[in-house]
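Q: I'd like a close look at one part of this model. Pick a single element, take me along it, and then follow what packs around it.

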Amino acid sequence: MFHFRQAVQEDMDGVLALYDQVIERFQAQTGTMAWRKGVYPTRANFQQAIQAGALYLGELEGALAAGMIITQGTDKTYGTPPWRVDAADEETAVIHTLGVSPNAGKRGVGLQMVEGAVALARQKGWKALRLDVLEGNDPAVRLYERAGFVYIETKQIWYESTGTANFLLYEYAV
C-alpha cells in the first residue's frame, strides 16, 4: 500500500539515504551530473523544505520510496512563459526534486507521488502545478506527461547544479 505524507524532522536520515540512491540512478539514466551529492539536492535543501512544510514523502509498504518538494508560487527563474492556466502566483505551486527509490521498481510510485501533489493542490485551492525537467530526462518527461502535465516551452535556466541548461516547462491545470 502507498502512503503520501508531509515529512517531519525525524525523516531526515531516511531522506538523505533515499536521495543518495536517486542521484546515482539519475546520473546513470540521464548521463548528466545535474544532481550531485553535496551540490543538489543537499541536507540544507531538505532541512529548509521540512521547516517550510514543503517536503512530501511516499511510503510503499511502510518503507520510504520517494520524495518531492512542493512550493507555493511559481518559480521566478521561469520568467513569463505562456502558461495555459491564468492564475495569481499564490494560486500556483511548483514540484521540485521528485525522486523515486530504485528499490521501488516499476510499481507506479512516481505517478502516485504526482497524484499526491495534485490532491494536495486541490485541497489548498491551487489552480495550477508547474515544474521544470532537464532536457534529456526522458523518464521524467514520460511520467509527467502520463500524469496529465502539458508541455509549455523549453527555457534556458541557470541552476548551481547544472549551470545554464535547457529545461522543459510543464503545467497541470488543477
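What follows is a walk along one helix and out to its surroundings.

A: A quick word on the ground rules: this is a predicted model, in which local features need pLDDT of at least 70, side-chain atom pairs count only at pLDDT 80 or more, and totals for chains, interfaces and linings use all residues. Residues are numbered from 1 along each chain as its sequence is written, and side-chain values use heavy atoms, with hydrogens and water left out.

Let's take helix α1, which covers residues 12-30. Helices here are DSSP runs of H or I with at least four residues, strands are runs of E with at least two, and both are numbered from the N terminus. With 19 residues, α1 reaches 26 Å from its first C-alpha to its last, close to the 27 Å expected at 1.5 Å a residue; that expected span is 1.5 Å times one less than the number of residues.

Now for which way it faces. Buried in α1 are M12, V15, L16, L18, Y19, V22, I23, F26 and T30. These sit on the same side of α1, because they cover an arc of only 160° around the axis. (Buried means under 20% relative accessible area, exposed over 50%, and partly exposed in between, with a 1.4 Å probe and protein chains only; the arc is that of the directions from the helix axis to the C-beta atoms.) Over on the other side of α1, D13 and A28 are exposed.

So what sits on top of the buried face? The cover includes α2 (43-52), β2 (55-60), β3 (63-72), β4 (92-100) and β5 (128-134). Contact means heavy atoms within 4.5 Å.

The α2 part of that cover is worth a stop. Its own buried residues are F46, A49 and I50. They lie on the same side of α2, because their arc around the axis is only 100°. A44, Q48, Q51 and A52 are exposed on the other side of α2. The buried residues of α2 pack against α1, β2, β3 and β4. F46 counts as buried because its relative accessibility is 0%. Leaving out residues up to four places away in sequence, F46 touches M12, V15, L16 and Y19, along with P41, L55, I69 and T97.

Two of those partners have backbone quirks. P41, in the loop between α1 and α2, is joined to Y40 by a cis peptide bond with omega of about -10°. T97, in strand β4, has a positive phi of about 55° although it is not a glycine; at 8% relative accessibility, T97 counts as buried. For context, most residues other than glycine have a negative phi, and most peptide bonds are trans.

Further along α1 comes F26, buried with a relative accessible area of 9%. Setting aside neighbours within four places in sequence, F26 is in contact with G31, T32, A34, W35, L134 and N137. Among these, G31 comes just after α1 and takes a positive phi of about 75°. N137 belongs to the loop between β5 and α4 and, at 11% relative accessibility, counts as buried. Not counting residues up to four places away, N137 touches both F26 and T30.

Finally, α1 helps line the largest pocket: α1, α2, β3, β4, α3 (109-124), β5 and α4 (138-146) each supply at least two residues of that lining. A pocket here is an open set of points on a 1 Å grid over the protein atoms alone, where a 1.4 Å probe fits and protein lies on both sides within 12 Å along at least five of seven lines; lining residues have an atom within 4 Å of a point. About 1,400 Å³ of space lies in this one, where grid points are joined across faces, edges and corners and the volume is the space filled by probe spheres set on the points. Of its 44 lining residues, W35, L98, G99, A140 and Y144 lie nearest the centre; W35 is also one of the contacts of F26. The lining divides into 23 nonpolar, 13 polar and eight charged residues, taking Ala, Val, Leu, Ile, Met, Phe, Trp, Tyr, Cys and Pro as nonpolar, Asp, Glu, Lys and Arg as charged, and the others, Gly among them, as polar.
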